[in-house]
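Got your viewer open? Let's take a short tour, one selection at a time.

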Amino acid sequence: MRTLLIVFSGEYDVSCRKRWRDELERLSREPNVIIDFSDVTYLDATCMTELLRLHEHRHAKGFGRETVVLHRPLVRRLFELLQMQDVLRVVETVDEAVDKKELAPIVRHAFAGGVDALRPAYPPALQRIQYVSAVGALN
């Protein structure tokens with residue numbers, strides 16, 4: 001039975017919830033899953049909820065725990081605070097995640113997280129604001 005390794009990178013938050021859910025939904029049909037978050041710099045609670053939903057769907061089908069690769073301290077800390085290691089298998093490297101007795105995993109890259117090209121980093125109104133020093137405003 002082959003393992004699917006999916007690689008995520010960037011920042012994931014509520015703004016990409018639908019794409020995140022769709023990506024994880026595809027994993028719910030895979031018997032062996034490794035989720036590589038080595039290059040993920042941020043995850044919010046929405047993403048964590050969807051990971052739990054994925055685990056529940058896979059568990060209901062009789063599949064084993066998902067393996068999650070966490071390298072960055074900020075993301076690892078979130079997993080620790082939420083005690084996700086009790087639900088998911090957490091490792092630091094892909095080498096630790098891959099079973100050496102099996103064939104090499106099938107690797108797929110997820111969409112890159114971050115600021116969408118469709119929305120500006122700041123609302124247009126805020127881009128035109130000029131900031132004046134409080135000291136200069138009093139004179």
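Start with the lining of the largest pocket, and colour it by residue class: you will find seven nonpolar, four polar and five charged residues. Keep in mind as you look around that this is a predicted model. The volume of this largest pocket is about 200 Å³. Which residues sit closest to its centre? Select Thr-3, Asn-32, Ala-97, Asp-99 and Glu-102: of the 16 lining residues, these are the closest to the centre of the largest pocket.

Next, select helix α1, residues 17-27. Show the side chains of Trp-20, Glu-23, Leu-24 and Leu-27, which are the buried residues of α1. They span an arc of only 90° around the axis, so they lie on the same side of the helix α1. What covers them? Add β1 (4-12), β2 (33-43), α2 (45-60) and β5 (106-109) to your view, since the cover of α1's buried residues includes these elements.

Now keep Trp-20 on screen and bring in Tyr-12. Are these two residues buried or exposed? Both Tyr-12 and Trp-20 are buried. The structure holds seven aromatic pairs. In the pair of Tyr-12 and Trp-20, the ring centres are 4.8 Å apart and the planes meet at 50°; because tilted pairs have planes from 30 to 60 degrees apart, this pair counts as tilted.

For the last stop, widen the selection to Phe-8, Tyr-12, Trp-20, Phe-37, Phe-79 and Phe-111. Ring pairs link these residues into a cluster, so take a moment to rotate the view and trace the rings.

Definitions and conventions:
Residues are numbered from 1 along each chain as its sequence is written. This is a predicted model: local features need pLDDT of at least 70, side-chain atom pairs count only at pLDDT 80 or more; totals for chains, interfaces and linings use all residues. Side-chain values use heavy atoms; hydrogens and water are left out. Buried means under 20% relative accessible area, exposed over 50%, partly exposed in between (1.4 Å probe, protein chains only). Helices (H or I, at least four residues) and strands (E, at least two) are DSSP runs, numbered from the N terminus. The arc is that of the directions from the helix axis to the C-beta atoms. Contact means heavy atoms within 4.5 Å. Rings of Phe, Tyr and Trp (its six-membered ring) pair if their centres lie within 6.5 Å; planes under 30 degrees apart count as stacked, over 60 as edge-to-face and the rest as tilted. On a 1 Å grid over the protein atoms alone, a cavity is a set of points where a 1.4 Å probe fits but cannot get out, and a pocket is an open set with protein on both sides within 12 Å along at least five of seven lines; lining residues have an atom within 4 Å of a point. Grid points are joined across faces, edges and corners, and a volume is the space filled by probe spheres set on the points. Ala, Val, Leu, Ile, Met, Phe, Trp, Tyr, Cys and Pro count as nonpolar, Asp, Glu, Lys and Arg as charged, and the others, Gly among them, as polar.
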